[in-house]
Amino acid sequence: MNDVRPLHFCDVTVAGERWPVFGWAIDAPRGTILVDTGLIDSTPSLDDKWEPVLRPWPELGEVVAVINTHLHFDHCGGNRRFAGTPTYVQRAELAAAVEPGYLVEWVHFDGESYVEVDGDADLFDGVSVLFTPGHSAGHQAVVVDTDDGVVVLGGDVTYSMRELIDGATESIRRIHDLRPQRVYLAHH
């Protein structure tokens with residue numbers, strides 16, 4: 001059965017406050033499925049606005065697939081490390097990934113291997129995506145069946161557990177409907 005490991009890739013500064021940036025490794029029978037890729041480097045513009053602090057790259061084993069919750073720089077900055085690896089993203093998100101809201105050179109690079117998804121989809125045994133637009137046009141959460149029950153990797157469906165519990169948006173209510181055992185958020 002699948003197991004989920006949180007990965008603390010880096011920290012960024014938001015409104016003067018330091019926020020962690022998490023992704024997740026799904027240890028699946030056929031290898032590691034990586035959900036979001038954090039940052040592997042920075043740019044002067046990102047340094048000025050977000051003050052990223054990179055952490056040591058985690059041990060992942062063989063990564064057989066990447067799933068991006070969305071394509072903002074702090075969620076896809078390491079995609080380049082996995083050139084040639086199937087990378088699952090919503091078609092709407094890939095279409096929306098243009099300047100100035102996205103760091104296009106981190107979305108499109110030599111060896112990119114995007115597999116476009118339209119809405120909810122089963123990707124692997126016990127791993128699916130749930131279309132949760134709002135934070136971005138093509139945001140998706142990842143749903144993982146584990147021995148402990150359903151785990152949702154929520155990305156930026158919301159920034160806080162309080163908002164998640166309150167269920168204020170349709171995308172958050174879709175996660176509630178799954179009655180998950182655990183929900184992880186990218187910045188909490």
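**Figure 1. The salt bridge between R91 and D118, with D118 as the exposed partner.** In this predicted model, D118 is exposed, its relative accessible area being 53%, and the cut-off for that label is over 50%. Its partner R91 counts as partly exposed because its relative accessibility is 40%. The two side chains meet in a salt bridge with an N to O distance of 3.0 Å. This pair links distant parts of the chain, since R91 belongs to helix α3 (residues 91–96) while D118 sits in the loop between β7 (114–117) and β8 (121–124), 27 residues apart.

**Figure 2. The salt bridge between R80 and D41, which joins two loops.** The closest N and O atoms of R80 and D41 are 2.8 Å apart, and the two residues form a salt bridge. R80 is found in the loop between α2 (73–76) and β6 (87–90), and D41 in the loop between β3 (31–35) and α1 (44–50), so the contact ties together parts of the protein that are 39 residues apart in sequence. Both partners fall in the partly exposed class, R80 with a relative accessibility of 23% and D41 with one of 28%. A search of the whole structure finds seven salt bridges.

**Figure 3. Helix α6, with its buried face and a salt bridge within the helix.** Helix α6 spans residues 170–177, and within this helix S171, I172 and I175 are buried. Viewed down the axis of α6, the buried residues fall within an arc of 100°, so they line one face of the helix. These buried residues of α6 pack against β9 (127–131), β10 (140–146), β11 (149–153), α5 (161–166) and β12 (182–184). The helix also holds a salt bridge between E170 and R173, whose closest N and O atoms are 3.6 Å apart. E170 and R173 are three residues apart in α6, about one turn of the helix. An α-helix has 3.6 residues a turn, so residues three or four places apart point the same way. R173 counts as partly exposed, with a relative accessibility of 37%. Just after α6, R179 adopts a positive phi of about 50°.

**Figure 4. The hairpin of β1 and β2, and the pairing of β1 with β4.** Strand β1 (residues 3–14) and strand β2 (residues 17–28) pair in the antiparallel sense, with eleven bridges between them. Within this pairing, C10 has V21 of β2 as its bridge partner. The two strands form a hairpin with two residues between them, and A15, which lies in the turn, has a positive phi of about 50°. Strand β1 also pairs with strand β4 (residues 53–54), again in the antiparallel sense, over two bridges. Here D11 stands opposite V53 in β4.

**Figure 5. The surroundings of T85, a buried loop residue.** T85 is placed in the loop between α2 and β6. Its relative accessible area is 12%, and T85 is therefore buried, the cut-off for that label being under 20%. When neighbours within four places in sequence are left aside, T85 is in contact with V63, V64, A65, V66 and S113. As for W106, this residue is 21 residues from T85 in sequence, and the C-alpha atoms of the two are 15 Å apart in space.

**Figure 6. The whole protein, as a setting for the close-up views, with six helices and twelve strands.** The C-alpha atoms fill a box of roughly 40 × 35 × 30 Å along the principal axes. A compact globule of 188 residues would have a radius of gyration near 16 Å, and the 15 Å of this protein agrees with that value. Of the 188 residues, 53% are buried. Among contacts with a separation of 6 or more, 62% are accounted for by residues 24 or more positions apart. The accessible surface comes to about 8600 Å², and carbon and sulfur atoms contribute 50% of this area.

Methods:
Residues are numbered from 1 along each chain as its sequence is written. This is a predicted model: local features need pLDDT of at least 70, side-chain atom pairs count only at pLDDT 80 or more; totals for chains, interfaces and linings use all residues. Side-chain values use heavy atoms; hydrogens and water are left out. Two strands pair if DSSP finds at least two bridges between them. Helices (H or I, at least four residues) and strands (E, at least two) are DSSP runs, numbered from the N terminus. Buried means under 20% relative accessible area, exposed over 50%, partly exposed in between (1.4 Å probe, protein chains only). The arc is that of the directions from the helix axis to the C-beta atoms. Contact means heavy atoms within 4.5 Å. The radius of gyration is taken over C-alpha atoms; the globule rule is 2.2 Å times the number of residues to the power 0.38. Accessible areas come from the Shrake-Rupley method with a 1.4 Å probe; for residues, only the protein chains shown count as cover. A salt bridge is a side-chain nitrogen of Lys or Arg within 4 Å of a carboxyl oxygen of Asp or Glu.
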